[in-house]
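Reader: I have a structure to go through and a few short questions. Can you put it up?
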Amino acid sequence: MTVVDKPSRVGRIHAAFERAASEGRAALIPYMTAGYPDQEGFPAVAQELLKRADLMEIGLPYSDPLGDGPVIQKAGEQAILQGTSTRRTLQFVKELRPTTDVPLLIMTYINPVYAVGPEEFMRLAADAGVDGLILPDLPPDQDDEIRDLATRYGLGLTFLIAPTSTPARVQIVTEACTAFVYAVSVTGVTGAREGGALNEVPALVALARQHTTLPVAVGFGVKDALTARKVAVDADADGVVVGSAFIAAVKAGQDLGALADDIKGGCVKGG
Amino acid sequence: MTNAAHFISEFPLPDARGRFGRFGGRYVPETLIPALDELQAAYTAARNDPEFLAELDTLLREFVGRPSGLYLAENLTRRAGGAKIYLKREDLNHTGAHKINNCLGQALLAKRMGKKRIIAETGAGQHGVATATACALLGLDCVVYMGAEDIRRQSLNVFRMRLLGAEICEVTSGTSTLKDATNEAIRDWVTNVRSTFYILGSVVGPHPYPAMVRDFQSVIGEEVKVQMQALEGRSAPDAIVACVGGGSNAIGIFAPFAYLPPEQRPRLIGTEAAGEGVHTGRHAASVAGGKVGVLHGSMMYLMSDPEGQIIPAHSISAGLDYPGIGPEHCYYSTEGMAEYVPVTDAEALDALQLLAREEGIIPALETAHAIHYAMILAAELGTGKTVVVNLSGRGDKDVAEVARLLKGIESLGGVEA
Ligand SMILES: Cc1ncc(COP(=O)(O)O)c(C=O)c1O
């Protein structure tokens, strides 16, 4: 899917999945809240993850993150308190952009997008070097303009499906995605949970594949090699998204690179 | 009074996509979309089912005590020196506020849908108490999310909920008030969506909540029509005043009049909490001081900074301490169907005392915001006109907080905070 001249943003996203697949892996997609643990520390944390990442999600912190569990909530609160605004988040992307070819995706809620104005937001994001957007509280049928604007500014769009999604919803959501499809592993918010979670993932990924040829990545609750393997191998997903576990590691002062290596090991298809 | 019997009012909006103009919609995680579809289908079936309507009607009459009175407040009228002031006595409902009208409707629906676990958010605790009450009555498990700050200032209601068998989850995220309790309730619902029914307490949230809560609350306005006809010989007063947090008591009394042709429509006035004053930034007046955005699943006027971060609301009354306002109110506002005016903490506190002394009714602090403006409006409209105030709740829950706020005021002599 690489384009002749410069790869397009959406092309860059698809190429990243293809490269991981060609290496026999599900793509590792770390999530990190912009400006976490603080403005000075964020670039180093991001680089540590980018070294291992196939794609990367950067969270634009929001005051009322309905889809997030306590770990990402607190990281966002802390980042906002320390002045991580929309513009500062996009500035971080701008600073990372020349250092990496890894696709950079902004994950945020719809209100910050509407506040700046959807078109202005897309323009600023494209300018900063963002490749795609993930908006967990925007079901695609709620806003037709967003999709047209994303197309116009060349940004990839990812919407979410969940274990509760009916085939009709999966159809609507997958049709609206241009970057990849994000399958939420459990009914719930982001963050690790105890017990037999992830059991519903294989069926969900299979359902998605009936409706789309786009890559299908799975997130929510992946925290280590074992849970990554469940997603990458048992469910045969194309990508594994990990957020809360990395944030918790930063908070605890653990070795982020080692954790990312470990999880990346779990993404290997044969293993 | 027959009007509550066996029907739920129909209104022209929302449209098929759950919109009131541009407002409303369903901005929620995809996990919830099938649950909202299921809820909408179940609600549509229930509201057309004579058995459901009869059961609700019986509960509203026998358990809640409906219809609530429409009482001519003569002392207040004399004091204002203008239009006649009628009080729609929702404070006399079982549990002390309008909230029970909606809770019984939703709890009956939950039972019909076979959901045994109920969750709710609460600010003042009135919706929490009403939900806990409905759950006790119908044998449902009840979990109520409440901000830590509200637990402090509405401690009487916390104890009532516990007595009724509800579990209280204290919320300490964000501002520890209603907004955050609502976030937490939505997160619970995303997690337990298959087993759980979320009884939302106001005309906010994703479609179909704003419409469904309005429908259950519109019994208030439908009764006013019949009562006004009997008392004044015409079904519509000249003006209706109600306080607006999320906006459920206001929509309940407005909606049956709002879609009348403009020349027949009474003036509809919602009082928003202006806190310490809209200019101070410490307020909860979403129309007066807000901008259009998305909160709790719905497009509405809300208080946010230029980059879309929600600004903490402030109000003396926990039930109005909310940075948004229901989508139908936003539509009324932009279409000129209703007006929204700010009323400050201090004005509400004075109005609470005024109503207590003039009429022997201690209103909730929320309701006191409406009383304040009704006095101004009655004077402005002049004699020969009528104003109906939705007396949304009684003030028992606020007595300790009011005593604390008035500490040192001699006239209360001896009351300890
Ligand atoms: C007595 C009373 N009035 C008004 C409100 C505000 O809610 P709403 O605007 O939905 O009527 C509350 C909320 O707790 C309340 O208890």
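Author: A definition to start with: accessible areas come from the Shrake-Rupley method with a 1.4 Å probe. The model is a predicted one.

Reader: OK. How much area does chain B expose, and what share do carbon and sulfur atoms supply?
Author: Chain B exposes about 13,700 Å². Carbon and sulfur atoms supply 52% of that area.

Reader: And what percentage of its residues count as buried?
Author: Of the 417 residues in chain B, 66% count as buried.

Reader: What about secondary structure, how many helices and strands in chain B?
Author: Chain B has 16 helices and 14 strands. Its radius of gyration is 20 Å, close to the 22 Å from the globule rule for 417 residues, so chain B is as compact as a globular protein of that length.

Reader: What box do the C-alpha atoms fill?
Author: Roughly 55 × 45 × 45 Å, taken along the principal axes.

Reader: Charges next. How many positive and negative side chains are there in chain B?
Author: There are 38 positive and 48 negative side chains, with the centres of the two sets 2 Å apart.

Reader: Switching to His98(B). Where is it found?
Author: His98(B) sits in the loop between β4 (84-88) and α4 (99-112) of chain B.

Reader: Why does His98(B) count as buried?
Author: Because its relative accessibility is 6%, and buried means under 20%.

Reader: Which residues does it touch?
Author: Leaving out residues up to four places away in sequence, His98(B) touches Glu90(B), Asn93(B), Gln217(B), Ile220(B), Ser248(B), Asn249(B) and Ser392(B).

Notes
Residues are numbered from 1 along each chain as its sequence is written. Chains are lettered from A and ligands numbered from 1 in the order in which they are written. This is a predicted model: local features need pLDDT of at least 70, side-chain atom pairs count only at pLDDT 80 or more; totals for chains, interfaces and linings use all residues. Side-chain values use heavy atoms; hydrogens and water are left out. Helices (H or I, at least four residues) and strands (E, at least two) are DSSP runs, numbered from the N terminus. The radius of gyration is taken over C-alpha atoms; the globule rule is 2.2 Å times the number of residues to the power 0.38. Buried means under 20% relative accessible area, exposed over 50%, partly exposed in between (1.4 Å probe, protein chains only). Lys and Arg count as positive and Asp and Glu as negative; His and the chain ends are not counted. The place of a charge is taken as NZ of Lys, CZ of Arg, CG of Asp or CD of Glu. Contact means heavy atoms within 4.5 Å.
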